[in-house]
Amino acid sequence: MKQTVKKPVLAVGPFHPLQEEMEYFQLTVDGEIVTDIDMRISYNHRGIEKISESLQFDQVPYLVSRVCGICSASHPLAYINAVEEIAGVTAPERAQYIRVIINELERMHSHLLWVGLGGHFIGYDTVFMWAWKYREPVLDLLEEITGNRNNYGNVRVGGCREDVPDELKPKILEELGKLEKKVEMLTKAVLDDPIIHARLKGVGVLSKDDAVQYAVAGPTARGSDIAIDVRYDDPYAAYGDLDWKVITQPEGDVFAKAVVRLLEVLEAINICRQAVKKLPKGPIALEIKEIPAGEGCGRAEAPRGETFHYVRSDGGNRPTRHKIRAPSYVNVPSFRASCIGEHIADVTITLAAVDPCYSCTERVAVVDSHHNVVHDYATLLKMSREKTARIKKEIGAPELKMEDF
Amino acid sequence: MWSLKKSVWVFHVNTGACNNCDIEIVNCLTPRYDIERFGIKLVGSPRHADALLVTGVVTRQAAPRLIDVYRQTPKPCVVFPIGACACDTGIFRGGYHVVGPVDKIIREEDPNAIIAFVPGCPPKPEAMISGVVKALSAI
Amino acid sequence: MNQEELNNRLLEIRDKLIDIEHTTNNRIFLPCEAENNYDVCKFLFEDLPLRFVIVTGIDSDNCFEVLYHFSNDETGHVVTVKAFIRDRENPAIESISPFIPGAEWIEREVHDILGIEFKNHPNMRRLILSDDWPEGVYPLRKEVQK
């Protein structure tokens, strides 16, 4: 292999770039092709697992809801699944359905957020504004049910805290219907647009073998033809009672992952609609007096993939050990496999395709061997958009038409 | 000071947050809230900023960066700790990797810093806009 | 691989385990000594094969426990290898990153927070603690107060 001058590449974020500092992603390039990548994380480490040991079992959901803002229904649910496993209890049916409703609403707004960001990275700012505008009705619904747009705090050991009032059901169904039309329009626009095809197909491919080696989860895995989904494989809440399907695509590139996410929004609308219609009567929580000694493994399918919580109890009222694994923890390192061999103009969208936590995405830049920034994030973003513009010119296709409802 | 009152340019710093506040900040740009019509814009460098929107508890790793950003921001500037974590470390109080909150770190660097708190978990975009407007009118 | 097949295949490594524990209908724990962990994990990941999930490190009173979680997606089983490190003075265990690249980060993290050495780890460096975090202080050890 020719020994060329190696320039490490670093990522520095879009909305908060810190140009003088190396952080997060260090990519090594050969010319304009990425040859290796290293990552430094630590900026977000808040020592949550240790804090969990000082909280009581029913205080922990408030803590883990804030592990990641956009998976804030999945983390507490995975934790609750673990604790209910230790206690040997099952929450009442109505609570299981409410958990499904909240989690699917979260999936919808999380994937729409991703669609917006993805559009932003490749220069489709209309898509960004559009997707984030149509997240708002979902956030409004969540606020009506739980009292907050994020950090719902709705699960507890043995059930749920807030009920879905029956008067609200028609409104939920109406909003879901409206959202479905809009997302169908967006999905069709994206799937038919030749520029997006040319821009995203074959980019950032994660092969099935690499996906297994890096043990990825969620749409990152399902976009590489690995049909895993905790809701199907290890059903929790009411998913076992509802009729839905796992979405996969075989190609493993950014386009495949985008398709998986868009179709999952439609599937989430389908699941949520069924759950609302079938919502059984009854109590929404059991009284649990104490948690016996034992250990439990709870998991939930967050928008980004499998969230896994391991909880150990010694019979007291606090967990003695609480391990939290967010899906991004296994998905982000796989960026190494999907990014090597890519052009630096594709780095931002390849990283975004893994759908890491928002602030992680924005830590990319290129520096030379003296750690002087050669290409900062703004430049990488510009390169990404210029590539789209070039493709547009070559293909000569019309503008992506986004209808407003 | 009057220069801060109109068309405030803000720079966003994440010092170890769950991203809820960060997403709500970006939400302010989207059609429902659309702060760009007030001339408020998110800039790419602290050197162009009139105000800092700081989220997160300030983890040990992020603290030097926060101080760096503050130094680079031309004075006078207003620091807005956004969210419960930035205002007072929120639910992460006492964590071994948490050195915040934001005002403690900033005041170590500059005891006369202008700091305006926007609490919430996360604060809704309306709360953030209201907080920023209130603080700037009071200056 | 269905439940019966899974149970049968686990018997193939029974000699390397202390026990096979079924705690609920789809949770299996495989306690073993630290020396056998590498072979057990390799068997689970390559031969069955199961999907790797994550590693949990625990400071138990008289030993360290390192739990390797795997998933059998067909049946929803979580199979957890529970490796006991009896030497508290110099806790060490063989790294599984050479054949599971996805385990690289979590082994670095367990090293950071518990001080367990992972032998032959391809890239052992600090991961989640800050650059200025003092050496030798392991936050998740029991003696370290919050």
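## Report on a predicted three-chain model

B:Asp34 counts as partly exposed, because 14 C-beta neighbours lie inside 10 Å, a number that falls between the limits of 12 or fewer for exposed and 20 or more for buried. This residue belongs to a predicted model, and its phi is near 50 degrees, a positive value in a residue other than glycine. B:Asp34 lies in the loop between helix 1 (20-27) and strand 2 (41-42) of chain B.

**Backbone exceptions**

Most residues other than glycine have a negative phi, and most peptide bonds are trans. Against that background, the positive phi of B:Asp34 can be set beside that of A:Ala215, which is about 55 degrees although A:Ala215 is not a glycine. A:Ala215 is placed in the loop between helix 9 (208-213) and helix 10 (219-222) of chain A. Its surroundings are described by 25 other C-beta atoms within 10 Å, so A:Ala215 is buried, whereas B:Asp34 is partly exposed.

Chain B also has cis peptide bonds, including the one from B:Lys75 to B:Pro76 and the one from B:Cys121 to B:Pro122. The table gives their omega values and the loops in which the prolines are found.

| Cis peptide bond | Omega | Loop holding the proline |
|---|---|---|
| B:Lys75 to B:Pro76 | near 5 degrees | between helix 2 and strand 4 (78-81) of chain B |
| B:Cys121 to B:Pro122 | near -10 degrees | between strand 5 (114-115) and helix 5 (125-138) of chain B |

**Helix 2 of chain B**

Helix 2 of chain B spans residues 63-72, and its buried residues are B:Ala63, B:Arg65, B:Leu66, B:Val69 and B:Tyr70. Because these residues cover an arc of only 160 degrees around the axis, they sit on the same side of helix 2 of chain B. The elements that cover them include strand 1 (9-14), strand 3 (51-55) and helix 4 (102-109) of chain B.

**Contacts between chains**

Helix 2 of chain B appears again where chain B meets chain A, in a contact that takes 32 residues from chain B and 32 residues from chain A. On the chain B side, the elements that give two or more residues are strand 1, helix 1 and helix 2 of chain B, and helix 1 of chain B gives the most, with 5 residues. By class, the side of chain B that touches chain A divides into 16 nonpolar, 12 polar and 4 charged residues.

The contact of chain C with chain B takes 6 residues from chain C and 5 residues from chain B. The residues on the chain C side of that contact are 2 nonpolar, 1 polar and 3 charged.

**Domains of chain A**

Chain A is divided into domain 1, made of 7-44 together with 345-395, and domain 2, which covers 48-329. The contact between these domains takes 19 residues from domain 1 of chain A and 19 residues from domain 2 of chain A. Helix 15 (347-353) and helix 17 (377-395) of chain A are the elements that give two or more residues to the side of domain 1 that touches domain 2, and the largest share of that side, 9 residues, comes from helix 17 of chain A. The classes on this side of domain 1 of chain A are 10 nonpolar, 4 polar and 5 charged residues.

**Chain C as a whole**

The secondary structure of chain C comes to 3 helices and 7 strands, which follow one another along the sequence as α-β-β-α-β-β-β-β-α-β. The radius of gyration of chain C is 16 Å, close to the 15 Å that the globule rule gives for 146 residues, so chain C is as compact as a globular protein of that length. Its C-alpha atoms fill a box of roughly 50 × 30 × 25 Å along the principal axes. Of the 146 residues in chain C, 42% are buried, and of the contacts in chain C with a separation of 6 or more, 51% join residues 24 or more positions apart.

**Confidence**

Chain B has a mean pLDDT of 86, with 96% of its residues at 70 or more; among its elements, strand 2 of chain B has the lowest mean (82) and strand 4 of chain B the highest (93). For chain A the mean pLDDT is 85, and 87% of the residues reach 70 or more. Among the elements of chain A, the lowest mean pLDDT (40) belongs to strand 1 (residues 7-11) and the highest (95) to helix 12 (residues 254-277). Over residues 1-23 of chain A the pLDDT is below 50, and this stretch has 75 contacts in the model beyond near neighbours in sequence. Where pLDDT is low, the predicted coordinates should not be read in detail.

Technical notes. Residues are numbered from 1 along each chain as its sequence is written. Chains are lettered from A and ligands numbered from 1 in the order in which they are written. This is a predicted model: local features need pLDDT of at least 70, side-chain atom pairs count only at pLDDT 80 or more; totals for chains, interfaces and linings use all residues. Two residues are in contact if their C-beta atoms, placed from the backbone, lie within 7 Å. Ala, Val, Leu, Ile, Met, Phe, Trp, Tyr, Cys and Pro count as nonpolar, Asp, Glu, Lys and Arg as charged, and the others, Gly among them, as polar. Domain bounds come from an automatic or database domain assignment. Helices (H or I, at least four residues) and strands (E, at least two) are DSSP runs, numbered from the N terminus. The arc is that of the directions from the helix axis to the C-beta atoms. pLDDT is the predictor's confidence in each residue, from 0 to 100. The radius of gyration is taken over C-alpha atoms; the globule rule is 2.2 Å times the number of residues to the power 0.38.
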